[in-house]
Amino acid sequence: MARDADGYPVTRTPAGVARGARTAVDLAAVDERVSGCRACPRLVAWREEVAVVKRAAFRDQVYWGRPVHGMGPADARIGVVGLAPAAHGGNRTGRIFTGDRSGDWIFAALWRAGLANQPTSVSIDDGLELTDCRIVAAVRCAPPDNAPTPAERDTCSPWLARELELLPRLRVLVVLGGFGWSALLPVLARAGVEIPRPKPRFGHGAEVTLAGPGGPLTVLGSYHVSQQNTFTGRLTEPMLDAVLTRAVELAGG
Ligand code: SF4
């Protein structure tokens, strides 16, 4: 696999994503390969343009400007599935949900649930660690207007699929928003998880337990922690806490 100037293995096509994901032996390999991925031309162009133009408040910082891989230990029993990195959040700091308002919400909630060692997430070297929880995004590159296309979602899905496969203790998935929900169900189906018909519908507090090859897997829905939801009161802290408390309970406490 060819490497870029920073040493990351380069993936340029959807077939390359599928192959690179399938042959990744552990989460570290997935993370490294994700970091060098260039399979979606529109998203590559956007993430790199944002990294050059920057937001005025961050003009002195060097943006990451790459795909953002997942975060959290391989023995996690709880997964959190988000949409995609924010242009000036993860795309700037290089860590998922780090450096933006959405991250302020989710990490504070994970801390209240006992799944993070601190309530804030401001930079990649701030000491934040997760316990029993891994956060991933359905799409790993920051999209214009926070809106990946269905084709980009599908191209990126092998990274998500392999990452979930490499979490052998996974019991619960908390999905933030309808986009993540619709991206996740086909990934689970391809992994041999039985998806009922009609498909389970996304909603805040939605809960469905599915039969998977490794045992039961419960999928919980939560409104996304975007400012659109948190500023308007559509998603409140108690609402998010209730979903995470349920996830911890289902995972075995
Ligand atoms: S969105 Fe996913 S598949 Fe597309 S370039 Fe980024 S990491 Fe690669």
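This report walks through a predicted model, from an annotated domain to the ligand and two pockets.

## The annotated span

Let's begin with the record. An unreviewed UniProt entry lists residues 69-244 as "domain: Uracil-DNA glycosylase-like". Within that span, helix makes up 32% and strand 16%, and the C-alpha atoms at its two ends are 22 Å apart.

## Around the ligand

The ligand takes up the space of the largest cavity. Its surroundings include Cys 37, Cys 40, Cys 141 and Cys 156, along with Leu 43, Pro 67 and Trp 159. Nine residues of this shell are nonpolar, while one is polar and one is charged.

Helix H6, covering residues 150-165, provides the largest share of the shell, with three residues.

## The largest pocket

Next comes the largest pocket, with a volume of about 690 Å³. Of the 36 residues lining this pocket, Ala 86, Asp 100, Ser 102, Asn 146 and Ser 226 lie nearest its centre. The lining has 16 nonpolar, 15 polar and five charged residues. Helices H5, H7 and H8 and strand E2 each contribute at least two of them.

## The second largest pocket

The second largest pocket has a volume of about 500 Å³ and a lining of 24 residues. Nearest its centre are Ala 161, Leu 164, Glu 165, Val 187 and Ala 191. By class, 15 lining residues are nonpolar, four are polar and five are charged.

Here you meet H6 again: this helix gives the most to the lining, six residues. Helices H1 and H7 and strand E5 also supply at least two residues each.

How values were computed: Residues are numbered from 1 along each chain as its sequence is written. This is a predicted model: local features need pLDDT of at least 70, side-chain atom pairs count only at pLDDT 80 or more; totals for chains, interfaces and linings use all residues. Side-chain values use heavy atoms; hydrogens and water are left out. UniProt positions are given in the numbering used here, feature names are shortened, and annotations may be inferred rather than shown by experiment. Helices (H or I, at least four residues) and strands (E, at least two) are DSSP runs, numbered from the N terminus. A residue is near a molecule or strand if one of its heavy atoms lies within 4 Å of it. On a 1 Å grid over the protein atoms alone, a cavity is a set of points where a 1.4 Å probe fits but cannot get out, and a pocket is an open set with protein on both sides within 12 Å along at least five of seven lines; lining residues have an atom within 4 Å of a point. A molecule sits in a cavity or pocket if more than half of its atoms lie within 2 Å of its grid points. Ala, Val, Leu, Ile, Met, Phe, Trp, Tyr, Cys and Pro count as nonpolar, Asp, Glu, Lys and Arg as charged, and the others, Gly among them, as polar. Grid points are joined across faces, edges and corners, and a volume is the space filled by probe spheres set on the points.
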